[in-house]
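Here is a friendly walk through one protein chain, from its overall build down to a few single residues. Keep the sequence and the 3D view open beside you as you read.

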Amino acid sequence: MQDLLAPAHVLTGLDCTSRKQLFEVIADCLASDLELSSHAIVNTLWEREQLGTTGMGNGVAIPHGRIGGISRVYGCLALLDEPLDFGAADGVPVDLVFALLAPAEAGADHLRALAQVSRILRNPDFCTDCRQARDKDALYRLLINESTATAA
């Protein structure tokens, strides 16, 4: 998980009123480190979202997409102050978001990252712990600890 998510790519206390605005905040967080334009990141996430919701239920979403200009998979974890409607099948608005960007030519790496994040975020107790995290450092530590325990 540490290969996917840098501590600087954890966002808490977000006050977004739409998925598009959330994607803009995520893009701004990732753009300079990935040396990509925020606009390209937003478009990648939004295009995938238009194919079908990335809301997986229980207030969790994993927006993702493939983009040129990067050599590995990157993630951004966001905790929203107010949940957003992602159109998830269970109807529960989303407040815990893990966005993934993969290289345009990525195949198995992209799928492995999605599977890893999905496996961790399907645990409702873990998601509750994330929602109660005091700050972004605590949220990052929770995710790293959970990914280590899940991998064992």
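## The overall build

Helices here are DSSP runs of H or I with at least four residues, strands are runs of E with at least two, and both are numbered from the N terminus. Counted that way, the protein chain has five helices and six strands. Please keep in mind that this is a predicted model. How do the elements follow one another along the sequence? The order is β-α-α-β-β-β-β-β-α-α-α.

The protein chain has a radius of gyration of 14 Å, close to the 15 Å that the globule rule gives for 152 residues, so it is as compact as a globular protein of that length. Along the principal axes, its C-alpha atoms fill a box of roughly 35 × 35 × 25 Å.

## Inside, outside and charge

Of the 152 residues in the protein chain, 48% are buried. The area that the chain exposes comes to about 7,300 Å², and carbon and sulfur atoms supply 48% of that area.

Contacts tell us how the chain is folded back on itself. If we take the contacts between residues at least 6 apart in sequence, 69% of them join residues at least 24 apart. As for charge, the chain carries 12 positive and 20 negative charges, and the mean positions of the two sets are 6 Å apart.

## A cluster of aromatic rings

A pair of aromatic rings is described by the distance of the centres and the angle of the planes. How many such pairs does a search of the whole structure find? The search finds two. One of them joins F23 and W46, with 6.0 Å from centre to centre and 65 degrees between the planes, an edge-to-face arrangement. This pair links distant parts of the chain: F23 sits in helix 1 (residues 19–34) and W46 in helix 2 (residues 38–51), 23 residues apart.

F23 also pairs with F86. Their ring centres are 6.4 Å apart and their planes meet at 70 degrees, so this pair is edge-to-face. F23 is in helix 1 while F86 is in the loop between strand 5 (74–84) and strand 6 (94–103), so the pair ties together parts that are 63 residues apart in sequence. Taken together, ring pairs link F23, W46 and F86 into a cluster.

Are the members of this cluster buried or exposed? F23 and F86 are both buried, and the relative accessibility of F23 is 0%. W46 counts as partly exposed, because its relative accessibility is 24% and the buried class stops under 20%.

## Two loop residues with positive phi

Most residues other than glycine have a negative phi. Two loop positions are worth a look with that in mind. E35, in the loop between helix 1 and helix 2, has a positive phi near 55 degrees. With a relative accessible area of 72%, E35 is exposed.

N58 is a residue to view alongside E35. Although N58 is not a glycine, its phi is positive, at about 60 degrees. You will find N58 in the loop between strand 2 (55–57) and strand 3 (60–61). Its relative accessible area is 35%, which means that N58 is partly exposed.

## Three more residues to find

Start with R66, which belongs to strand 4 (residues 64–67). R66 is partly exposed, at a relative accessible area of 38%. Which residues does R66 touch beyond its neighbours within four places in sequence? Its contacts are T44, A102, P103, A104, A106, G107 and H110. By C-alpha atoms, R66 is 25 Å from T17, and the two are 49 residues apart along the chain.

Now turn to A8, in the segment before strand 1 (10–14). A8 counts as partly exposed, with 47% relative accessibility. Setting aside neighbours within four places in sequence, A8 is in contact with C29 and K136. The C-alpha atoms of A8 and G55 are separated by 24 Å, with their places 47 residues apart along the chain.

Last comes S118, in helix 3 (residues 108–121). Its relative accessible area is 17%, so S118 is buried. Apart from neighbours within four places in sequence, S118 is in contact with M56 and I62.

Note on methods
Residues are numbered from 1 along each chain as its sequence is written. This is a predicted model: local features need pLDDT of at least 70, side-chain atom pairs count only at pLDDT 80 or more; totals for chains, interfaces and linings use all residues. Side-chain values use heavy atoms; hydrogens and water are left out. The radius of gyration is taken over C-alpha atoms; the globule rule is 2.2 Å times the number of residues to the power 0.38. Buried means under 20% relative accessible area, exposed over 50%, partly exposed in between (1.4 Å probe, protein chains only). Contact means heavy atoms within 4.5 Å. Accessible areas come from the Shrake-Rupley method with a 1.4 Å probe; for residues, only the protein chains shown count as cover. Lys and Arg count as positive and Asp and Glu as negative; His and the chain ends are not counted. The place of a charge is taken as NZ of Lys, CZ of Arg, CG of Asp or CD of Glu. Rings of Phe, Tyr and Trp (its six-membered ring) pair if their centres lie within 6.5 Å; planes under 30 degrees apart count as stacked, over 60 as edge-to-face and the rest as tilted.
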